[in-house]
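Visitor: Before we begin, I would like each label you use to be justified by its value and its cut-off. Please show me the model and then take me through it.

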Amino acid sequence: MSPHELNPLILTLVTFVPTAGAILLLLFPRRASSIRSFALIVALGEFVLSLHLPLEFDTAKSGFQFDVNLPWISSPNIHFHLGVDGISMWLVVLTTFLVPLGVLVSWKSVRERVKEFFILFLLLETAMIGVFVSLDLFLFYFFWEASLIPMALLIGMYGHERRVYAAVKFFLYTMVASVFMLAAIIWLYAQTGSFDYLVIQQALHGEQIANISTAAEWLFLGFFIAFAVKVPLFPLHTWLPDAHVEAPTAGSVLLAGVLLKMGTYGLLRFNVGLFPAQAREHAPWIVGLAIIGIIYGALVAMVQPNLKKLIAYSSVSHLGFVVLGIFTFTQAGVDGAVYQMLAHGVSTGALFMLAGMLYERRHTYEISEFGGLATPMPVYATFFLVITLASIGLPLLNGFIGEFLILSGAFKAKAIYGVLAASGVVWSACYLLWMYQRVFFGTVKLEVNRTVPDITARERLALWPTAVAALVMGVAPLVWFSAIDPAVRVALGPLGRELGRLVGQ
Amino acid sequence: MIPAEDYIRLLPEIVLAVFGVIVMLAEPLLGPRASRKPLGIVALVGTLAALVATVLQADNLGPAFFSLVRVDDFSVFFHVVIELIAAVVILASLEYLDTQQIHAGEFYALILFGSVGMVLMSSAMELVLIFVALEISSISTYILAGFRRRIATSSESSLKYFLLGSFATAFFLYGVALIFGATGSTNIQDLGEALRAGHSSALVYCAVAMMFVGLGFKVASAPFHVWTPDVYEGAPAPVVALMSTAPKAAVFAVMLRIFFMASAPGWFWLVWISAVLSMFIGNIGALVQSNVKRMLAYSSIAHAGYLLIAFAAAQDIGISAAMFYTAAYAAMNVGAFAVVSHFAAAGERYVGIDDYAGLGRRYPVLAACLSVFLLSLIGIPVTGGFFAKFYVFSAALKSNLVGLTILGVINSAIAAYYYLRVIVVMYMREPEQEEALAPISPSLGVALAVSVFATIYLGVLPGRVLEFAQAGAARLIK
């Protein structure tokens, strides 16, 4: 069988292989030691399978590829419609890349209810991939909500002391915000009789719906609130630090690495893709919030005594860059935003893994408990440094490309955006390097820290891929942009038309 | 001379009544301390036979007994729903009665008699017959509510339900009398013709309001909901499973017939206000409950509110949305109460939310079932509850009831919190007591399996049931 023959099936497979793995895990005896290995095999197999997408992706074609479109329910008219463009394809690969790493870091740290843990973890993978590949709004909403339950359970069952509070807060924030999106989706269905993304887009842009302009305001806001909470955009970010601090390491990796990107992906796909006029109209204050998020997140990260909280706030800051990039509506800005999503997924995912490894050894995240760790843990310190530098945005590492493009887009849109956002880059260097200094440099103050063991082979296995990815993404971004760039051009197409009309008037 | 097919059109009612009588006759044959399981099985066979009779009926639609009853797709739909509820409730009670040491076979007979009244309500075309059927169903449930008679709350529940319930049926009867005065008929078909011809005096409006009070009480919609939490708390858990779903489905069927088939005027704002009040009172009330049965009582008030949204929507889509909602709500609520009644153990000791701590670890299957039902009550996709809400909200949006829909959506967000709390307690809290629960009996297993299957089926492939409901709706407004 040639690889081409797999094309019509591949998205269905990539979406549901983890579910199949989870179902098979159900059959394992409760205390079987093979549960972890099996989960790892499924996750790795899934990653290899997902590599089919970039290998077979035709960068010359615009629009969605590998699509399947089968009727599912006749009333309401719901289709099983999947497809990816250059943006969502790489987000799928990011997901499948992070999941096996998450399995590796949970190897020892999850001791109880191991079977349930990996079942939830694999189900979460299906839901996350489903969000990125769905082209039917109903299906999208289904996966969106479905991702919520395993994540909340992972936080609530395997987290730290205040896990229940964090899990409930996470669930309610996202759930409450997404009912507004549901209302908007139902409204669109009632008007167009379809859930299909492309059909709805056509109807909205072709102005086939009567009196759409006032309704579109509300629809835009309905989608926006759901995504803004997920990103999270200032001032809706308050669930994030709690969720991160309490989540188990693998949960944090996926939360920061993938779940937050569901929000920015949604903003790009739905808010910009379906409502270009409203997006343009609302852009000033959204950009304002994004810039506040960048600076505020960085300043709060600076003063955090807790390592995990610091990384969590750094996410608020970095995701602010992504939102800024999207709402500059420039090719460079949106390209950069998509790239920053991928880069942040890799480097923040790695930071959370590193923090988790430290926690396994010392059972604390307090920065003041460490100091001078470079002496007992040289290998660990090296990995940490590489990832920290990637996160700061050092040239030749992955963070640089995205931030650079976003900033150049921001300057093009309005110079003040660029100036303010650029200060965020400086801040991120401050808080990350200062944190690194306090944790690794100087003399070892606490006696316990003298004998902390360095990382094991299994942990290295989890860290190497992220370090390599950070480097490769930094030196060879064209591998990614060859697919991202055309997709962004298509996504910005309606905006161009919108602009043309404004000018025409 | 009454033609033979008239009897076929009443066959499910006849079958249920006959089996009820058989149960009563067989009851004295069992010793006073013997388990009543055999009688339960007889009753179960009765409900299944009634289901078969309903299927027979489906090929034989039409009016019967001088248009006193009318069998159409609409009534068949409610027959199936109510008979399935009765069957599942009986399955869940088999074990419950033994654990609670209730040795009275009348329990099953009363469920069957109650079902006679309920199914009759969905096919009755005559307001007086509806009243009689309503009384048959109500009186049976009054007694069932007081079945744990050594327990004060159960007797309180029964008495309260009885007193307030009689009051409410009196309102309904008053309404029937007034509408007879205004139009000279109590047949829904004739009423419809008279009202459509422009007979809408003040008397008619009064009559509609009166009937709405009586029926609103039976479905526990605000402001006629006050009895619900106390009655649900005291009544035996399987009985609550029955009375929170089956009589409500029947009364909603009556409301649909009166409002849409008879084109009763002036109910739009009654329904609008009652829907909004029910949703807010139900959901906010449920937030603060610490007893699972009370919480589900408030939740059922809220669900009556969502259902009334469908009444406010345009006819064709509103009716089918309401019908689908009753079916989905029945599946998830009966299932939830089946778990509650098993977990309550002897004397219904464990009905506090805190008692559910660690259920996920101790009884994974039970906890997983309850989670499915609760997620469905929240309205998470791939459960029946999602499509139920979905159809109702989209019917409302299509009828331009944007305000009502937004209030509904806000309420479903509030509701997520208290359902979720139970799931959180089950999975994320450590158990305080480690008392072993009786293993799940085969009958309860079947009851749970049927409920889970129905909940998921309605959530994954809602098409067939919806099409059937649409056919019923079309029949109703023709």
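Guide: This is a predicted model, and a good place to start is where its chains meet: the contact draws 23 residues from chain B and 24 residues from chain A. On the chain B side, helix H18 (384-398), helix H19 (402-428) and helix H21 (463-477) each contribute at least two residues to the part that touches chain A, and H19(B) gives the largest share, 11 residues.

Visitor: What makes the residues of the side of chain B that touches chain A nonpolar, polar or charged, and how do they divide?

Guide: The class follows from the residue type, with Asp, Glu, Lys and Arg counted as charged and Gly, for instance, as polar. By that sorting, the side of chain B that touches chain A holds 18 nonpolar residues, four polar ones and one charged one.

Visitor: How do you know whether the radius of gyration of chain A agrees with that of a compact globule?

Guide: The globule rule multiplies 2.2 Å by the number of residues to the power 0.38. For 505 residues this gives a value near 23 Å, and chain A has 22 Å, so the two agree. Along the principal axes, the C-alpha trace of chain A spans about 70 × 55 × 45 Å, and the chain contains 20 helices and two strands.

Visitor: And why is chain B called as compact as a globular protein of that length?

Guide: Chain B, with its 21 helices and two strands, has a radius of gyration of 21 Å, which is close to the 23 Å that the rule gives for 478 residues, and therefore the description applies. Its C-alpha atoms fill a box of roughly 70 × 55 × 40 Å along the principal axes, and 63% of its 478 residues count as buried.

Visitor: Why is Val116(B) called buried?

Guide: A residue is buried if 20 or more other C-beta atoms lie within 10 Å of its own. Val116(B) has 24 other C-beta atoms within 10 Å, so it is buried. This residue lies in helix H5 (residues 106-123) of chain B, and, leaving aside residues up to four places away in sequence, Val116(B) touches Glu13(B), Leu16(B), Ala17(B) and Ile136(B).

Visitor: Why does Phe65(B) count as partly exposed, while Ala220(B) counts as buried?

Guide: Partly exposed residues fall between the limits of 12 or fewer for exposed and 20 or more for buried. Phe65(B) has 16 other C-beta atoms within 10 Å and is therefore partly exposed, whereas Ala220(B), with 29 C-beta neighbours inside 10 Å, counts as buried.

Visitor: What makes the phi angles of Phe65(B) and Ala220(B) worth a remark?

Guide: Phi of Phe65(B) is near 50 degrees, a positive value in a residue other than glycine, and Ala220(B), also not a glycine, has a positive phi of about 60 degrees. Phe65(B) is placed in the loop between strand E1 (62-64) and strand E2 (69-71) of chain B, and Ala220(B) in the loop between H9 and H10 of chain B.

Visitor: Which peptide bonds involving Pro235(A) and Pro223(B) are cis, and how do you know?

Guide: The bond from Phe234(A) to Pro235(A) is cis, with omega near 0 degrees, and the bond joining Ala222(B) and Pro223(B) is likewise cis, with omega about 0 degrees. Pro235(A) is found in the loop between helix H9 (212-230) and H10 of chain A.

Visitor: What makes helix H10 of chain A mostly covered?

Guide: Of the eight residues in H10(A), which runs over residues 239-246, seven are buried, and among them are Leu240(A), Asp242(A) and His244(A). The cover over these buried residues includes helix H6 (137-158), helix H7 (163-192), helix H11 (249-274) and helix H13 (307-326) of chain A.

Visitor: How do you know that strands E1 and E2 of chain A pair?

Guide: Two strands pair if DSSP finds at least two bridges between them. Strand E1 (residues 65-73) and strand E2 (residues 78-84) of chain A are linked by six bridges in the antiparallel sense, so the pairing condition of at least two is met. Pro71(A) stands opposite His79(A), Asn69(A) has His81(A) as its bridge partner, and a hairpin of four residues joins E1(A) to E2(A).

Key. Residues are numbered from 1 along each chain as its sequence is written. Chains are lettered from A and ligands numbered from 1 in the order in which they are written. This is a predicted model: local features need pLDDT of at least 70, side-chain atom pairs count only at pLDDT 80 or more; totals for chains, interfaces and linings use all residues. Two residues are in contact if their C-beta atoms, placed from the backbone, lie within 7 Å.
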